[in-house]
Amino acid sequence: MMRLPWPVMVRAFAVQGSWNYETLMGTGFAFVILPALRRLHTDPAALHEAIRRHEGTFNSHPYLAPLALGAVIRMEEEGEDPAVIERFKAALRGSLGTLGDQLIWAGWRPLCVLAALVLLLMGAPWWVAIVSFLLLYNVLHLVLMVWGLRLGLAGGRSVAERLRGSALRRLQPRLMAAGSFVAGVALALVVLRGVPTLDMRPGHLWIPMAVLAAAAGARWGERARRFGVAAVAVTAVAGLLAGVVT
Amino acid sequence: MSILLYRVDERLIHGQVVVGWGGRLNPSRIIVVDDDLAASTWEQELYAAGVPSGIEAEFRSVADAVDGLPEWEGSRDRALLLTRDIGTMSRLAASGCLRGREVNIGGIHHGPGRSQVLHYVFLNDAERRQLEEMARNGVEVVARDLPNARGVGVEELVRTR
Amino acid sequence: MSWLATGLLGGFVGLDATSFPQIMISRPVVAGVLTGVLFGRPAEGLALGFLVEAFSLIILPIGAARYPESGTATVAAAAAYLAATPPGLQAGALLLALTFALGWERIGGQTVVLQRQINGRRLTRGGPLAAEVLERRHLGAMTLDFVRGGLVAAIGGLAGYGLLRVLAPFWSLPHPLTLAILGIAAAGMLGTAVPLFGAGRSARVSLIAGVLVGVVLVLAVR
C-alpha cells in the first residue's frame with residue numbers, strides 16, 4: 001500500500017481557493033501540488049521551474065482534482081516530459097469536470113439534500129436532519145478525494161484506463177435513480193402532510209394546490225423556479241400594499 | 001439535421017457540454033474534430049473518460065470530418081460536434097460545409113496574446129479574424145456557455161479588445 | 001455582537017461554497033439552521049433555510065457559469081428575520097425574508113464574480129509566480145473570500161433587518177394564508193428537483209416508486 005502524501009491531501013480541500021477566469025483552478029492546482037514538488041526538487045531553481053509549469057489553466061470537479069494531482073505527481077516522480085504532462089492535464093480536466101458535475105453536483109448533492117428535506121417533512125428534529133445530511137454527504141466527499149489521489153498515484157499517465165474500469169462509472173446511473181426515488185418520497189410527503197418546518201396544517205384545498213405546484217415544478221424545472229421567485233416577490237409586494245392601503 | 005450543436009470549447013467534453021447542453025439536446029454521439037487528437041490514442045482515452053454511458057465519443061481529423069459531415073447530418077444519430085480551437089472550426093467552415101449553421105463559442109480561456117471578451121471567452125487577433133471569416137462563410141457565430149445564457153454575436157466578440 | 005457573529009458565520013459559509021472545504025455548510029438549509037442557533041431560535045432559522053433550499057435545488061454550479069450565492073444570502077435573511085421579529089413564527093416577516101434572500105443571493109453571486117476577477121489579477125497577471133508568492137497569494141485569496149462572505153452576510157443582514165423593521169408591520173395577509181402560500185411555493189420548488197435526475201424510463205419508475213413509498217410512510221406515521 002502506497003503512502004498517501006498528506007500535505008497534498010489536506011491542501012486539496014482548498015484547490016478552488018484562488019479560482020479565477022484566467023486559469024480557472026490552475027493556480028489552486030499549483031498550490032496543492034507544491035508540497036510534492038518540494039519533496040522532489042531540493043534545488044530552488046528546479047522547484048521554481050517545476051511550479052511555474054503548473055500554474056497554467058486547469059479545471060476539474062474539486063472532489064476529483066486529487067485524481068489528477070496524484071497522476072501528475074506520479075509523472076513528475078518518473079521524470080516525464082513536461083510537454084506530455086501539460087497535454088495530460090489538458091486532456092483530463094474536461095473528463096473530471098464532467099464526471100464530477102454529474103456524479104456530485106447533479107447527483108449526490110441534491111440526493112443528500114432531498115434526503116434531509118424528507119427527514120424534515122416527516123417531522124424529524126432539525127439537528128437530526130442537519131447532522132445526518134452533513135455526515136452522509138461528506139462520507140462520499142472524503143472517500144472520493146482519497147480514492148482519487150490513490151488512483152492517480154497508481155495510474156499515472158494511464159489513469160484513464162483505471163477510471164474507466166472503476167465503480168465510479170457504475171455509480172452514476174444508480175445515484176440518478178436514487179435521486180428520483182427520494183424526490184418522489186419528498187413530493188408525496190409535502191402533498192399529504194404539508195410543510196412541518198412552517199408549522200402549518202394543510203387545509204382542504206392544500207392537496208390539489210400542492211399537486212399542481214409540484215407538477216409544474218417537475219415539468220418546467222428552471223423556468224418554474226423563475227416563476228416561483230417572481231410569484232413570491234409579487235406576493236410580498238401585494239401583501240405590503242394591501243396593508244399600506246387599509 | 002442530426003448534428004444538434006457545433007461548438008468550440010477548449011475543454012472539449014466537460015460538464016457544460018455533457019450536463020448543460022447534453023441535458024437539453026440528449027445526444028447519442030459526440031464527434032471531436034482535431035488533427036492532433038485523432039492521432040493520439042492515449043489522449044483520446046483521457047478526453048473520453050468523462051463521457052456518460054449511452055453516448056459514444058469519436059475523434060476525427062478535419063479532412064475526415066469534411067468528408068463525413070454530409071452523412072452525419074443525414075443520419076438519425078443525435079450528435080454534438082466539438083473542436084477545441086477556433087482555427088479547426090474555421091477550417092471546417094472554409095470547406096463550405098457549415099453554411100447556414102450556427103457555431104457556438106463555448107469556452108476559450110486565458111492564454112498568451114489573448115484578451116478577455118466574456119467571462120468564458122478570451123481571443124487573440126488571429127482568432128478574431130477567423131471568427132469574421134467564418135461569418136463570411138455563411139456561419140452564424142454565437143457565444144453562449146450554457147443553453148439558457150444570453151447569446152453574444154460575432155460583431156460584439158470581435159469588437160471588444 | 002450578534003452581527004459580528006453573523007459576519008463570522010457568513011465568512012465560513014461564503015468560504016465553504018467554493019474555496020474551502022466544501023463540506024456544504026453553505027447549503028441554505030444548513031446555513032439557516034446555523035444562523036438560527038446563533039440567535040437561539042434554530043426552528044425559525046430552519047423554516048427560512050428550508051424555503052431557500054427548495055429554491056436552490058435546481059441551481060447547479062456547472063463549469064464557469066455564474067450562479068447566485070444562496071448560502072450567505074440565507075445567513076443574511078435569517079439574521080434579519082431573527083433580529084427583527086419576536087420569537088414565534090411570523091409568516092409575513094418570513095415571506096419578506098425569503099423575498100430578500102432571493103434577491104440578495106444575486107448580489108452575493110456578483111461579489112463572487114468580483115472576487116474571481118481580483119484572484120485573476122493577483123495570481124495570473126504578469127506571468128507565473130514563485131512558490132512562496134503563490135502560496136501567500138492563494139491563502140490571501142481565501143482570506144479575502146472569507147471577508148467577502150462575512151460582509152455579504154452582515155451587510156445583507158443589517159439591510160434586511162432595516163427593511164423588515166419598516167415593512168413587516170404593514171403585512172396584511174392572514175397568518176394561515178401566508179403560510180399556505182409559502183408552503184405551495186416550497187412544494188413547487190421541491191418539484192424542480194425531479195428533472196435533475198433525468199427524464200428516462202428508469203427515472204420515471206423510480207419517481208413513482210418514491211411517491212408510493214411516501215404515501216405508505218404517511219399512512220404508517222398516522
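Q: Where in chain A is the place of A:Val244?
A: In this predicted model, which admits local features at pLDDT of at least 70 and side-chain atom pairs at pLDDT 80 or more while totals for chains, interfaces and linings use all residues, A:Val244 belongs to helix H9 (residues 206-245) of chain A. Residues are numbered from 1 along each chain as its sequence is written, chains are lettered from A in the order in which they are written, and side-chain values use heavy atoms, without hydrogens and water. Helices are DSSP runs of H or I with at least four residues, numbered from the N terminus.

Q: What makes the nonpolar surface patch that includes A:Val244?
A: A:Val244 joins C:Leu163, C:Val166, C:Leu167 and C:Phe170 in a patch of about 420 Å². Such a patch consists of residues with over 30% relative accessible area and no salt bridge, with nonpolar side chains (Val, Leu, Ile, Met, Phe, Trp, Tyr) joined within 5 Å; accessible areas come from the Shrake-Rupley method with a 1.4 Å probe, only the protein chains shown counting as cover for residues. Helix H6 (residues 131-167) of chain C provides the largest share, 3 residues.

Q: Why is C:Leu182 called buried?
A: Its relative accessible area is 1%, and buried means under 20%, with exposed over 50% and partly exposed in between (1.4 Å probe, protein chains only). C:Leu182 is therefore buried. This residue lies in helix H7 (residues 175-191) of chain C.

Q: Which residues does C:Leu182 touch, not counting residues up to four places away in sequence?
A: C:Leu182 touches A:Leu198 from chain A, together with C:Leu51, C:Ala91, C:Leu94, C:Leu95 and C:Leu98. Contact here means heavy atoms within 4.5 Å.

Q: Why is B:Gln44 counted as buried?
A: Because its relative accessibility is 17%, B:Gln44 counts as buried. The residue sits in helix H3 (residues 41-48) of chain B and touches B:Leu37, B:Ala38, B:Ala39 and B:Phe59, residues up to four places away in sequence not being counted.

Q: What does the side chain of B:Gln44 reach at 2.8 Å?
A: It reaches the backbone oxygen of B:Leu37. A polar contact is a pair of N or O atoms within 3.5 Å; within protein, one must be able to donate a hydrogen and the other to accept it, and residues adjacent in sequence count only if both atoms are side-chain atoms.

Q: What area do chain A and chain C bury between them?
A: They bury about 7800 Å², 75% of it on carbon and sulfur atoms. Buried area is the accessible area (1.4 Å probe) that two parts lose on being put together, summed over both. The contact takes 87 residues from chain A and 92 residues from chain C. In chain A, A:Tyr21, A:Leu198 and A:Arg225 lose the most area to chain C, together 9% of what that side buries.

Q: What makes the pair A:Glu22 and C:Arg125 a salt bridge?
A: Their side chains meet at 2.5 Å, N to O. A salt bridge requires a side-chain nitrogen of Lys or Arg within 4 Å of a carboxyl oxygen of Asp or Glu, so the pair qualifies. Across the interface of chain A and chain C the rule finds 5 salt bridges.

Q: How many salt bridges are counted between chain A and chain B?
A: The count is 3. In one of the salt bridges, the side chains of A:Arg93 and B:Glu10 meet at 3.4 Å, N to O. The area buried between chain A and chain B is about 2200 Å², of which carbon and sulfur atoms give 57%.

Note on methods: Helix = DSSP H or I, 4+ residues; strand = E, 2+ residues; numbered from the N terminus. Patch = residues over 30% accessible without salt bridge, like charges linked within 9 Å, V, L, I, M, F, W, Y side chains within 5 Å.
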